[in-house]
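Here are a few exercises to work through with the model open beside you. Try each task before you read its solution.

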Amino acid sequence: MAYDIALIPGDGIGQEVVAAARPVLDAAAADAGFSLDYERFDWGSERYLDEGSMMPDDGIDRLRGRDAILLGAVGHPDIPDHVTLRGLMLPIRKRFNQQVCERPAVLYDGVESPLRGYGGGDIDLVVFRENTEGEYADVGGREHRGFDHEVAIQSAVFTRQGTEDVVRAAFEAATERGGKLTNVTKSNAQAYGMVLWDDVVAEVGEEYPDVEVERLLVDAASMDFVRRPDEFDVVVASNLFGDILTDLGAIVTGSMGLAPSANVNVEGDYPSMFEPVHGSAPDIVGQGVANPLATVLSGAMLFDHLGEGVAGERLESAVADQLADADAPRTPDLGVDAGTEAVVDDLRGRL
Ligand code: NAI
Ligand code: MG
């Protein structure tokens with residue numbers, strides 16, 4: 001069996017982590033009796049600087065029909081972030097209706113949390129982030145540019161369908177995991193979209209009577225991601241809140257360099273996209289020290305999605321095994337000064 005994978009390394013360390021992770025994914029796939037046929041797309045900021053756009057006009061069509069997309073990161077210090085993000089990543093999420101973004105945060109054995117008193121296995125949560133609308137909807141505008149009375153309007157969009165899709169995915173996960181779901185909103189202050197959201201959680205929740213639902217406002221949830229991260233299991237949140245909470249989840253479990261994500265088209269009509277949570281990290285680019293494990297773990301989620309769960313589990317346990325080994329190479333974000341290559345070489349040995 002061969003799967004058709006679109007590879008978009010993108011910018012900065014995105015290039016480095018995708019190049020490093022690829023042979024690891026190939027080795028795990030070969031072990032499990034399948035292979036990955038990649039087509040690589042050199043889209044991103046370099047293309048923008050040369051040709052004026054992050055991807056070609058028919059970019060979305062060229063990705064259509066693939067089994068999955070593996071993306072590195074986008075973002076360049078010389079280009080405004082809203083240009084890079086809206087030129088490549090957001091269009092893929094939206095045009096392929098990748099309405100559910102799943103982001104696990106696990107404190108692995110052998111990894112130090114910046115929080116006192118937490119050890120391996122103590123934190124194991126997953127955030128379901130609404131991924132195609134909410135606060136990231138492309139609705140708004142700027143008027144009277146340059147005048148004192150210049151105005152910007154940015155509207156959030158909450159649809160019943162979009163909300164229900166992510167909420168249902170979260171309830172399904174809660175059923176398979178610990179039976180607990182935390183619903184994060186700010187419905188005291190945002191009384192339209194977020195109250196619709198709460199209504200949908202209540203309605204869908206009736207179909208899942210065994211799942212206990214906890215409600216938190218996002219400010220309190222931010223505090224509790226630091227104060228009691230061990231008590232979260234499945235968390236569901238809007239696009240913006242989910243984005244913020246998952247950086248918090250990544251750092252309390254040790255590093256941005258360990259956090260994977262899946263952008264899932266639930267119906268399976270379009271390809272889903274897998275990518276590390278982190279960005280292009282211009283502060284460390286070119287040094288050969290980017291942690292490739294977030295991308296490897298994103299590959300494990302990609303394997304699960306393809307129905308190759310055994311290979312996914314093997315990948316994840318090789319990562320867990322490496323992190324638990326005090327003598328194994330680690331990148332500086334995990335406190336040791338090994339390089340990206342040393343980490344993936346060691347990982348291939350463990351596979
Ligand atoms: P960032 O995630 O790129 O970096 C934040 C910090 O984490 C930096 O100190 C960086 O060195 C460190 N870090 C991130 N990934 C790492 C890894 N694999 N190994 C070791 N250390 C790692 O976020 P930042 O600095 O806010 O954004 C940089 C650029 O990336 C911006 O242009 C931004 O728009 C873009 N960005 C893109 C994302 C994406 O493509 N999904 C997500 C977040 C930011
Ligand atoms: Mg983010």
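Before you start: two strands count as paired if DSSP finds at least two bridges between them. Keep in mind, too, that this is a predicted model.

**Exercise 1. Work out how strand 1 and strand 2 pair, and what links them.**

Solution. Start by locating the two strands: strand 1 covers residues 2-10 and strand 2 covers residues 35-40. Next, check the bridges. There are six of them, and the pairing is parallel. For a handy landmark, look at D4, which sits opposite D37 of strand 2. Finally, follow the chain through helix 1 (residues 13-31): together with strand 1 and strand 2, helix 1 makes a β-α-β unit, and the unit is right-handed.

**Exercise 2. Lay out the whole sheet and find its edges.**

Solution. First, write down the strand order: 2-1-3-12-11-4-5-10-8-9. That's ten strands in an open sheet with mixed pairing. Now look for strands that pair on one side only; these are strand 2 and strand 9 (212-217), the edge strands. Last, add the twist, which averages 25 degrees from one strand to the next.

**Exercise 3. Describe the pairing of strand 5 with strand 10, then place helix 8.**

Solution. Strand 5 (residues 124-130) and strand 10 (residues 234-237) share four bridges, running parallel. Pick out V127 and you'll find V235 as its bridge partner in strand 10. Then move on to helix 8 (residues 239-252). Helix 8 lies across strand 4 (100-106), strand 5, strand 8 (180-185) and strand 10. Its direction makes an angle of about 155 degrees with strand 5.

**Exercise 4. Characterise the packing of helix 10 against helix 11.**

Solution. Begin with the geometry: helix 10 (residues 309-324) and helix 11 (residues 340-350) pack at about 115 degrees, and their axes are 9 Å apart. The crossing is right-handed. Now list who touches whom: helix 10 brings A318, V319, D321 and Q322, while helix 11 brings D346, L347 and R350. Sort these contact residues by character and you get three nonpolar, one polar and three charged.

**Exercise 5. Map the UniProt domain onto the model.**

Solution. The unreviewed UniProt entry puts "domain: Isopropylmalate dehydrogenase-like" at residues 4-347. Take the C-alpha atoms at the two ends of that span: they lie 24 Å apart. Then tally the secondary structure of residues 4-347, which comes to 40% helix and 19% strand.

Terms used: Residues numbered from 1 in each chain as written. Chains lettered and ligands numbered in written order. Predicted model: local features only at pLDDT ≥ 70, side-chain atom pairs only at ≥ 80, totals over all residues. Axes fitted to C-alpha atoms, helices over the stretch in contact; angles between N-to-C directions. Left-handed = near helix turned anticlockwise from the far one by under 90°. Contact = placed C-beta atoms within 7 Å. Nonpolar A, V, L, I, M, F, W, Y, C, P; charged D, E, K, R; others polar. UniProt positions renumbered as here; feature names shortened; annotations may be inferred. Right-handed = clockwise from strand over helix to strand, strands pointing away.
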